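Got the model open on your screen? Let's take a walk through it, from the overall fold down to a few side chains worth zooming in on.

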Amino acid sequence: MTSTYKDSGTASLKDDEEFTDILEERRRTTDLGYALRTFNPQPYKGAPTLSTSDLNKAVLESQYLCFIIKELKQAIQESPVILIPNHRSYVDFLIISYILFTYDIPVPVIAAGIRLADVTIIGGILRRSGAFYIRRAIGSDKLYWAVLLEYVQTIVRTGYAPLEFYVEGFRSRTLKSLVPKLGMMDMVLEPYFKGEVFDITLVPISISYDRVLEESLLALELLGVPRPQESITGLFKASGVLQDDYGCMHVNFGRPLSARQLCEGKINWSEYNLIPRNLPQRPTAETQDCVNWLAHLIVRTQEEGSLISPWSLVACLLLQTPFTTLTEEGLQWHQLTEKTLWLRKLVLDFGARLNWPAHIPDSEVMSSTVALHHSIVHHKENRIYLVQDEDPARQDPLSPEEGVMRMAVVVLMLVSYRNQALHVFVRPGILAIAIHITKSTRKDELFNFFCFLRDVFSDEFIFIPGRAAQDFEEACSLLQKCGAVHTSQQEVTVLETGLEVLSFLQKLLQPFLDSYQLMFRYLCEKEDHVFTEEQFLPDVRNLATKLILSGDLHTFEVLSSDMQKNVLSALRRLEAVTKLRASQQKEYKVNKAAVSRTGDILSGKVPLESLHTTPDARLQCQVE
């Protein structure tokens, strides 16, 4: 079912009336009949408009949807519209166009990856449906860049159609938000910066899945298994997957944002007035900072608009359960249910959007969400177990290393659904980690360590630049709201009633700390100071596998290539690792002392101040 979610308030859903099932009418007609229906989109400015009565009929019975559709149509008439959804599945390419087509709104032109263009027949159909394809890496091809830039900006300047692109750059294989890529954002905003359009309307869109079609493929990719080549044959082979139940998809169109209002006071317009508009112009540092801030704001808005499923809460708890419990004796059903209901209250206290039906008994909600994810867990004799698939055609027993990788697929699938709820817990979670590591109650010390963690993990989580103080105050406020701490002007004091909350938050983020520490250890113990990314990824994976088998490491997330690349990015930002620009193989040089000291600070062995006082450590805590 595809639904659009009400864009006000943060409580859980109280009834089904807040959603509109746009597939209801489709179930009474044929696909061909729907595809051949008369398409009557809202004309652009100057053309006749639909009457209110016709509009009400077009949007079924939802009053809120009627309001949103009117707002979007007005935005399309008044300024270029940029649709910016998050990207979690290949289905994302189709769903926004499907919804707009259903409500007779102009279908967008979509920026897509070049791989989809290579799929026979499908690539052509998508292109005729409004997609255009972009190379993953443009490099120094100035002609390609110029053509792409002019194509995108002509669409924006002329209002040819709404433009849709993914600010994260590509599909998230971990199902959590990615650090935004700024290329397309620069392109679409430049006509406004140059004064070629009066304003640009940005529409953040949050797409939430109960279950993602590609869940196992995404986990395999994270473990280094090459992604299958898209082809028409593969499409037909994969059609059988659609026979399974994937629950609901929820689409939330956020409040349209005005680029003019958001950029007010952040851009020096005189710089654009000195150069003819038809000449290319490199954005200034001030402009780049503004675009970067705006891109992070969009992604953060997508997070806040996403809908958390009961399964995401269950995944958070299962990942904090001892591995042997989930694979051998099983987790007792009543314990999981009680803990999930406790977490439901915490999530609502933190202001999240939660898709927990109020008219269905909690026991049924729990049973149905576990049954939906039968590829990850199974419910047997009032206990929950992780699925451990065996290949019946295989005659030789699995090696221990193969067993780890096979189990890692299931665990990383579980991790991806936990990630859908992480944005709710990140800020209070980082403060909980700071309290735990520093053992301090002083607000200034906790703030400094909070900023350090925020910087280290800024490739893992979305933080809007320049808002460290606001993030810290938000964390303090949320922990105080749930009774975990008491805050004053100078101190943050832990309360006895909050130990359970703080323990949950610490365990939730512990896999990130453990994974980063392992990779710091690898770099410090490595004999050479120079290494390539091609060496780093498998070497870390082999080391982690050995430690998992020996029982010295309890997280499978370190096996993820995305986590490994994020560590390299963090160390480069902290200047503990530098990339050798002359290299053709992504070679890096490591400052082992700086890496070691960063690890010691994360573990609490040395104070944060040592980052600044030691001469050979070129790290700097970026406290805003």
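What follows goes from the whole chain to its cores, then to a buried arginine and the aromatic rings.

Keep in mind that this is a predicted model. The chain runs to 624 residues, and 52% of them count as buried. DSSP runs give 25 helices and 16 strands. If you take the contacts with a sequence separation of 6 or more, 73% of them join residues 24 or more positions apart.

Now for the inside. In soluble globular proteins, nonpolar side chains tend to be buried together. Here the largest nonpolar core has 136 residues, and Leu318 and Phe425 are the ones with the most contacts inside it. Helix 18, residues 400-438, gives the largest share of this core, with 23 residues. Where does the core sit relative to the domains? It lies between domain 1 (25-305) and domain 2 (425-612), because both give residues to it. Apart from this core lies another one, of 41 residues, with Phe132, Met184, Met187 and Ala259 among them.

Leu318 is a good place to zoom in. Leaving out residues up to four places away in sequence, Leu318 touches Trp311, Leu326, Leu331, Leu336, Val377, Ile384 and Leu414. Leu318 also belongs to helix 14, as one of that helix's buried residues. In fact, helix 14 (residues 310-318) has 9 of its 9 residues buried. Its buried residues include a few you might not expect to find grouped with the leucines, among them Pro310, Ser312 and Cys316.

Next, have a look at Arg211, in the loop between strand 6 (201-209) and helix 9 (215-222). Is this arginine buried or exposed? With a relative accessible area of 5%, it falls under the 20% cut-off, so Arg211 counts as buried. What does its side chain reach? One partner is the backbone oxygen of Asp245, at 2.9 Å, and another is the backbone oxygen of Leu372, at 3.5 Å. Around Arg211 you'll also find contacts with Asp244, Tyr246, His373, His374, Ser375 and Tyr417, among others.

On to the rings. A pair of aromatic rings is described by the distance of the centres and the angle of the planes. The structure holds 17 aromatic pairs. Tyr192 and Phe193 make a tilted one, with 5.9 Å from centre to centre and 50 degrees between the planes, and both residues are buried. Trp342 and Phe504 pair edge-to-face instead, at 5.8 Å centre to centre and 80 degrees between the planes. Trp342 sits in helix 16 (residues 333-349) and Phe504 in helix 21 (residues 499-525), so this pair ties together parts that are 162 residues apart in sequence. Trp342 is partly exposed, at 22% relative accessible area, whereas Phe504 is buried, at 3%.

There's also an aromatic cluster to pick out, formed by Phe457, Phe461, Phe463, Phe512, Tyr516 and Phe520. Finally, look for arginines over ring faces. Arg171 lies over the face of Tyr90, 4.2 Å from the ring centre, and Arg260 lies over the face of Phe198, 4.0 Å from the ring centre.

Note on methods
Residues numbered from 1 in each chain as written. Predicted model: local features only at pLDDT ≥ 70, side-chain atom pairs only at ≥ 80, totals over all residues. Heavy atoms only, no water. Core = buried A, V, L, I, M, F, W, Y, C linked by side-chain atoms within 4.5 Å. Buried < 20%, exposed > 50% of the residue type's maximum accessible area, 1.4 Å probe, protein only. Helix = DSSP H or I, 4+ residues; strand = E, 2+ residues; numbered from the N terminus. Domains from an automatic or database assignment. Contact = heavy atoms within 4.5 Å. Polar contact = N/O pair within 3.5 Å; in protein donor to acceptor, adjacent residues only side chain to side chain. Phe/Tyr/Trp six-rings, centres within 6.5 Å; stacked < 30°, edge-to-face > 60°. Lys NZ or Arg CZ within 6 Å of the ring centre and 35° of its normal.
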